[in-house]
Amino acid sequence: MLAGSPGGPRVLLRRLREIMAEPKDTQSRLDMVVRAIAANMVAEVCSLYLLRANDLLELFATEGLNPAAIHKTHLRIGEGLVGLIAETAEYISLPDAQAHPHFAYRPETGEDMYKSLMGVPMLRGGRVIGVLVVQNRTMRHYEEEEIESLQTIAMVLAEVVASETPLETKTDVRNGAAQGIGEVLAEVRSHRFHGRGMAEGIAFGRVVLHAPRVDITHIIAMDVRAERTLLDEALKSLLKELEVLLTSDRLARAGEHRDVLEAYQMFAKDHGWTARLREAVESGLTAAAATERVQMENRARMQRLSDPYLRERLQDLDDLSNRLLRHLTGQIQAPGSVLLPDNTIVVARNMGPTELLDYDRDKIAGVVVEEGADTSHVAIVARALEIPMVGGAADILDWVEPGDSIILDGELGAVYVRPTEDVIAAYRERMAMRAQKQAQFDALRGAPAISKDGVRIKLDINAGLLVDLPHLQDTGADGIGLFRTELQFLISAVFPRFETQRNMYSRVLDAAGERPVIFRTLDVGADKTLPYLRQRGEENPALGWRGTRLAMERPSLLKYQLRALLAAAAGRQLNLMFPMISEVSEFRQARAMVDKELERLKRLGQTPPASLRIGTMLEVPALVWQLPQLLPLVDFISIGSNDLLQFFYAYDRENPKFAGRYDPLGAPTLQLMHSIVQQCDAHDVPVSVCGELASRPLEAMALIGLGYRSLSMSPVSIGPVKLMVMNLDAEAIAQLMQEHLTGPSPDMRALLTDFAIKNNIPH
Ligand code: PEP
Ligand code: MG
């Protein structure tokens, strides 16, 4: 119990609640808060430092130190004891603070007369947003309970600061500070993340967490005994739940799940964890708030760990805390099925393509993921649905709360959480400029993509869902260069029946009219797993049973799909291609299945397609060395650069660590692409590129320079790529490529960028 304060933290928490309800401005309330804490803790000093956007800790309020130092004293992270607390996210309790090597004396504060110091981090979402300090003149040994109390108060205060309205404009007259307290608080609250743009566009909206964190409405306990009981009961039912999960038949066999659950169970029984929860309840928090506090401290520790194993274990504990919170609050909601606000921006650690599709398209304005790479399928789906998306926003989940305002910029890969007014204004402007640019692209819709020197480039879109079809009209594309048929299978809860498939393909052909569509047969496996198709667990799914390999192993899947495609294209043109072909023999096998289906059609007297072209994707490097044998057998080649480059450079396209690591404009890629187009041209076999490589104007320009005349891309890329083509001299770029491609390790990206700038080519 606190020295001289019989009610301890509970009394103080009540007082805090009263202060916060006062109709005063923020600064006055913070002043009252530090005064109340100092009095309650029998300390001469209580100071509140908040971490500003420039990573400086600013003295925001103080009782005991010189008031003139408020908003004037700043400390860097790691500087002084306050900076040390912010850096380590751990409390400090020192009877003789000045003897500590980190002590940094700030004359303006007049703190030289205070001997002892106790400081705790103010944590929100596992991040330090400030530091709360008490000081005493005497050499005081702070008790465990006192530290515990200050931690609880710091948590409540962190919530209070975060919920202060950022628009309050009252200027801090006392110090003549130019910036209003509201603005400063907004800056404290706002945060910028540097990620990577995964789907174009800019979105303003409100955060919805993909794995929703549980909402805690009451922080301060009314009745500690009742909260204690609640916690004990929730812990008991949590253990029971884990027991049931562990013994269930379904999970008994699932190795990985079982390990995770066993670890959970171990943690749930861990005395350290439960004791910390109980202590937090004793300090006056509700059981839910206590769980959250312990969870936040745990997250803060987790962020400082470099050992991946330990991080994982603490991650388990984090999940366990979420589970416990659900027990405590009874909030169990499936992500995606909840009622969404308008302009929802989904924030997730990572997401599968189907999970994104669970969300209501009319409500969702953008997606931010901590992980993810731009060739992952969720990104492809986001682009298809024209949902701006940013990936690689590391640790964003630790910063955001549901309902936070957020801006995401899919072009620059930036995310602003709780943006300040000036950021909002800048983005309004950017959006207006984008709209202008879009109008420019729209004006080009009807024009063919012809270069300045008269070279026609065929521009197709990639599609996979019915919602993509209007893009054909909107963009004025020449056709659909890649129709990913698996997306229909991915969004379906059960295997789509023959009729459903035929109906879909028929609608695609109806919508395309005269424009050709290339259907790619089922490409599942790797990151595209069908919930109703049992697949063996694989060490390396990207190199495993996927694409045509899987289709060959389960021929009935492909057989019914081919049947549906042939039926849908009765009397019309049908273009088919197979994914993930590694050897000519696999192509032969797949083609034989088509022939068999055609024969069946004839036998039954049904109408065959008016014309049938069969090609293959080129995604496996080994196939490049088989082109002389393959090309005489195929009607066309479509290069899937996403997989081709993943295998060529041996990197995982789903792993964000490698996003941007291997430059697709590097000499090895370009030489590979050059060799393919030359061989295809020599055999008179049409070749196109349908991976993401073709979607970027600079990369598309390089491909044209290599000799490619057909590109298939995300619908949003048609405008920018067409504009590039219309300003390009195809002969000039071909010459540039020829001159430098085999030169001594040329920086092709720099050369191409330079060429584009000099020739006024939008890229
Ligand atoms: C590719 O690999 O480039 C491709 C177009 O196929 P997907 O992205 O669907 O694997
Ligand atoms: Mg592929």
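## Polar contacts of ligand 1

In this predicted model, let's begin at R520: an N or O atom in the R520 side chain is 2.8 Å from an oxygen atom of ligand 1. The backbone takes part as well. A polar backbone atom of S641 lies 3.1 Å from an oxygen atom of ligand 1, and for D643 the distance from a backbone N or O atom to a ligand oxygen is 3.0 Å. How much of ligand 1's accessible area does the protein cover? On its own, ligand 1 has 290 Å² of accessible area, and the protein covers 100% of it.

## The shell around the ligand

Now take a step back and look at the surroundings. Ligand 1 is surrounded by 16 residues, and R484, R520, G640, N642 and R653 are the closest. By type, the shell holds seven charged, five polar and four nonpolar residues.

Which elements each supply at least two residues of this shell? They are α13 (377-384), β16 (479-484) and α23 (641-649). Of these, α23 gives the most, with three residues.

## An eight-stranded sheet

Elsewhere in your view, try tracing an open sheet of eight strands with mixed pairing, in the order β7-β14-β13-β9-β10-β11-β12-β8. Its edge strands, β7 (191-194) and β8 (196-199), each pair on one side only. On average, neighbouring strands are turned by 30° against each other, ignoring direction.

Inside the sheet, β9 (202-209) and β13 (405-409) are antiparallel partners joined over five bridges. Here I202 stands opposite D409 of β13.

## Helices across the sheet

Helix α13, which you met in the ligand shell, also lies across β8 and β12 (389-391), at about 60° to β8. Helix α14 (421-443) lies across β9, β13 and β14 (414-417), and runs at about 125° to β9.

Key: Residues are numbered from 1 along each chain as its sequence is written. Chains are lettered from A and ligands numbered from 1 in the order in which they are written. This is a predicted model: local features need pLDDT of at least 70, side-chain atom pairs count only at pLDDT 80 or more; totals for chains, interfaces and linings use all residues. Side-chain values use heavy atoms; hydrogens and water are left out. A residue is near a molecule or strand if one of its heavy atoms lies within 4 Å of it. A polar contact is a pair of N or O atoms within 3.5 Å; within protein, one must be able to donate a hydrogen and the other to accept it, and residues adjacent in sequence count only if both atoms are side-chain atoms. Accessible areas come from the Shrake-Rupley method with a 1.4 Å probe; for residues, only the protein chains shown count as cover. Helices (H or I, at least four residues) and strands (E, at least two) are DSSP runs, numbered from the N terminus. Ala, Val, Leu, Ile, Met, Phe, Trp, Tyr, Cys and Pro count as nonpolar, Asp, Glu, Lys and Arg as charged, and the others, Gly among them, as polar. Two strands pair if DSSP finds at least two bridges between them. Axes are lines fitted to C-alpha atoms, for helices over the stretch in contact, and angles run from 0 to 180 degrees between N-to-C directions. Contact means heavy atoms within 4.5 Å.
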